[in-house]
Every structure is written in C-alpha cells, then in structure tokens.
Amino acid sequence: MTRKITSLVAFLSFILTAVTSIILYIAPQGRVAYWSDWTLWGMDKTQWGNLHINLGFLFLLSLALHAYYNWKAILAYCSRARHLVLVTPASAAAFAIVALTALGTLGLTPPFSWVLDGGTYFKDRAARAHGEPPFGHAELAPLTLLAPAVGMTPEALVAALRQAGFSDAAPDATLLTLARSRHTSPQRILARVLPATSSGELPQTPPPGTGSLALEELCRRYGLSPSAVVAALAEQGIAAAPGETLKAIAEKNGKTPVAVYAAIRQAAAPAAP
C-alpha cells in the first residue's frame, strides 16, 4: 500500500508541478503582475509560486521514497553481469543528455535558447499588454514617492486622484491600498490620472522593463511624438522605427538599451509636442 501511495503521489505531484511550471513560464514578470493585479484562475503570481514550490518539494520527497522502495531496480540499471558498474551505456547516455542540456543552456545555444526566448516573449507580451510600473513595487510606494517618478508633484497627484473619485487619496496612501478597496489594479488607477497630467519628461533612470517597450509606447506614455523622436535619433546616428523595442534598437545599432534610452531622453525635449 505504501508503495502504491508513494507512486501515485509522485505521479500527481509531477503533473501539478508541470502545470504550475508552465503557468509561471508564461506569467508576467513579478513587477508587471503586481502592478496590474494579474491573476489566473483566481490566483495571483505569488500564490502560483507558493503552490509550485510546495508541490515541487512534495514531488522530490515522493521521488526519494520511490527510489528507496525501488533501489534494487535502480542498481540493476547500473549493473552488468550482477556486478555494479557506474559507467554503462544507459548511465553514460543519461549523463550526456543532462550535461548537454546544462552546457547548451549556459551557452544560450539552440534549441535550449529557444525555450528561454519563449519565456521572454510571453513576459514581454504581458508587459506590453498590462503596462510597466514606474519602478519596482511602485504599488507599495506612498504617493509622495510615486509622484516624482510619474512627473508630478505629490500635491498634484493626490488632487488628481481625488478628482478622479478616490476621496481617500492621501500623501501617505499607496496605489495598492486604493486598488484593493475598489477591486481594481494600481495600473488602472494611475492610468486614469496620468495621461492628462504627464509632463513629457522622461525619468533620468529608465524604469524597470523599459527595454521591452516599443518606442511608440514609450512616446505615448510621456506625450512625445514618435516620428519626431525617430528623426532626432537619426541625427544621433541611431536608426529606429516606432514599432521596435529599445532592446531591438540597441542591438541593431550596437549599443546598450540604457544608451538608447539616454539618446531618447536627450531627444525628448525638442520632440515633445
């Protein structure tokens, strides 16, 4: 009975761990998930991560018990003519597969890099769909700290939120608190007041996830003209298109995303409408 239970627990925990692995693979980055209040099947990213960890430990524990109960069979895989041999065709093949996967992953060579690129694709797509926060965990920052990051004074941000219907907005309040009391997301709250009050000035330091933004999206957020920014970048010797991300522009021009952002910021003043 114990053997049967162990095998079934190992099988079920393996299936559920695989499911949570896939969900976390396609889930947004943490900063985007918390900013947009992302959920799947009623659970947020933290809950999915906690479930994945505990199911993973359950799988490892049941796998260890399974190995214990089937130790003779495992030794048989490494035996030849009833003698224990560590290097057999099967063990050598298994080691080679694991080593190839590890080295291919570290070297970012196909097809292992394709798996990593797939995760990046899903996370970048989620960032474009849900929006990036001004900085990591901006939803937890008091409005006095959040305001400068979005080009506003604390007084102006509080006033804009109150005018938008958030009567409990205060300098020490957080967007997360305002969002939770109204069953919405911090991103949606800020979006209601930011478009009309954005100063058009890019922060000195690029916010998290800026490299994954398309140039036209960055311009939209800060009230800039994409065509004017593209023209200004061309004058600096940087070829760009509105639909390209800052990462893609950087790679195409042999620069870093931070350098491209600095060039856009330099171009922003004359490009602002």
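1. Let's start with one term. A residue is called buried when its relative accessible area is under 20%, exposed when the value is over 50%, and partly exposed in between. Asp37 shows how this works: its relative accessibility is 35%, so Asp37 counts as partly exposed. Asp37 sits in the loop between H2 and S1. Look at its backbone too, since phi of Asp37 is near 55°, a positive value in a residue other than glycine. Please keep in mind throughout that this is a predicted model.

2. Now step back to the whole protein. The secondary structure comes to 14 helices and 4 strands. Of the 273 residues, 34% count as buried. The accessible surface comes to about 15900 Å², and carbon and sulfur atoms account for 66% of that surface. Contacts are worth a glance as well: among those between residues at least 6 apart in sequence, 60% join residues at least 24 apart.

3. Helix H3 is a good place to practise some arithmetic. H3 covers residues 45–69, which makes 25 residues, and at 1.5 Å a residue it should span 36 Å. The C-alpha atoms at the two ends of H3 are 36 Å apart, so the model agrees with the expectation. What caps the N-terminal end of H3? That role belongs to Asp44, which has a side-chain oxygen 3.2 Å from the backbone nitrogen of Thr46.

4. Stay with H3 and ask which of its residues are buried. They are Lys45, Trp48, Gly49, Leu55, Gly56, Phe59 and Ser62. You may like to colour these residues in your viewer and see what surrounds them. The buried residues of H3 pack against two helices, H1 (2–26) and H2 (30–36), and also against the strands S1 (39–40) and S2 (43–44).

5. Helix H1 also deserves a look from the outside. Phe14 is found in H1, and with a relative accessible area of 43% Phe14 is partly exposed. Phe14 helps to make a nonpolar surface patch of about 650 Å², together with Phe11, Leu12, Ile15, Val19 and Trp41. Ile22 is in helix H1 as well. Is Ile22 buried or exposed? Its relative accessible area is 53%, so Ile22 is exposed. The C-alpha atoms of Ile22 and Gly119 are separated by 9.6 Å, while the two residues are 97 residues apart along the chain.

6. Next comes a peptide bond to check. Pro110 and Pro111 are joined by a cis peptide bond, with omega about 0°. Where is Pro111? Pro111 is in the loop between helix H5 (89–106) and helix H6 (112–130).

7. Thr174 is a loop residue with several partners. Its loop runs between helix H8 (154–163) and helix H9 (175–180). At 13% relative accessibility, Thr174 counts as buried because the cut-off is under 20%. The side chains of Thr174 and Thr177 are joined by a polar contact of 2.8 Å. Leaving aside residues up to four places away in sequence, Thr174 touches Glu139, Leu140, Ala141 and Pro142.

8. His183 can be compared with the Asp37 of the opening point. His183 has a positive phi of about 55° although it is not a glycine. This residue lies in the loop between H9 and helix H10 (186–193). With 77% relative accessibility, His183 counts as exposed.

9. Finally, consider charges. Side chains of opposite charge can pair when their charged atoms come close. How many salt bridges does the structure hold? There are 2 salt bridges. In one of them, the side chains of Arg182 and Asp168 meet at 2.8 Å, N to O. Arg182 lies in the loop between H9 and H10 and Asp168 in the loop between H8 and H9, so the pair ties together parts that are 14 residues apart in sequence. Arg182 is partly exposed at 30%, and Asp168 is partly exposed at 38%.

10. A salt bridge also forms between the side chains of Lys252 and Glu244, at 2.9 Å, N to O. Lys252 has 46% relative accessibility, so Lys252 counts as partly exposed.

Definitions and conventions:
Residues numbered from 1 in each chain as written. Predicted model: local features only at pLDDT ≥ 70, side-chain atom pairs only at ≥ 80, totals over all residues. Heavy atoms only, no water. Expected span 1.5 Å × (residues − 1). Buried < 20%, exposed > 50% of the residue type's maximum accessible area, 1.4 Å probe, protein only. Contact = heavy atoms within 4.5 Å. Polar contact = N/O pair within 3.5 Å; in protein donor to acceptor, adjacent residues only side chain to side chain. Areas by Shrake-Rupley, 256 points an atom, 1.4 Å probe, with all protein chains shown as cover. Patch = residues over 30% accessible without salt bridge, like charges linked within 9 Å, V, L, I, M, F, W, Y side chains within 5 Å. Salt bridge = Lys/Arg side-chain N within 4 Å of Asp/Glu carboxyl O.
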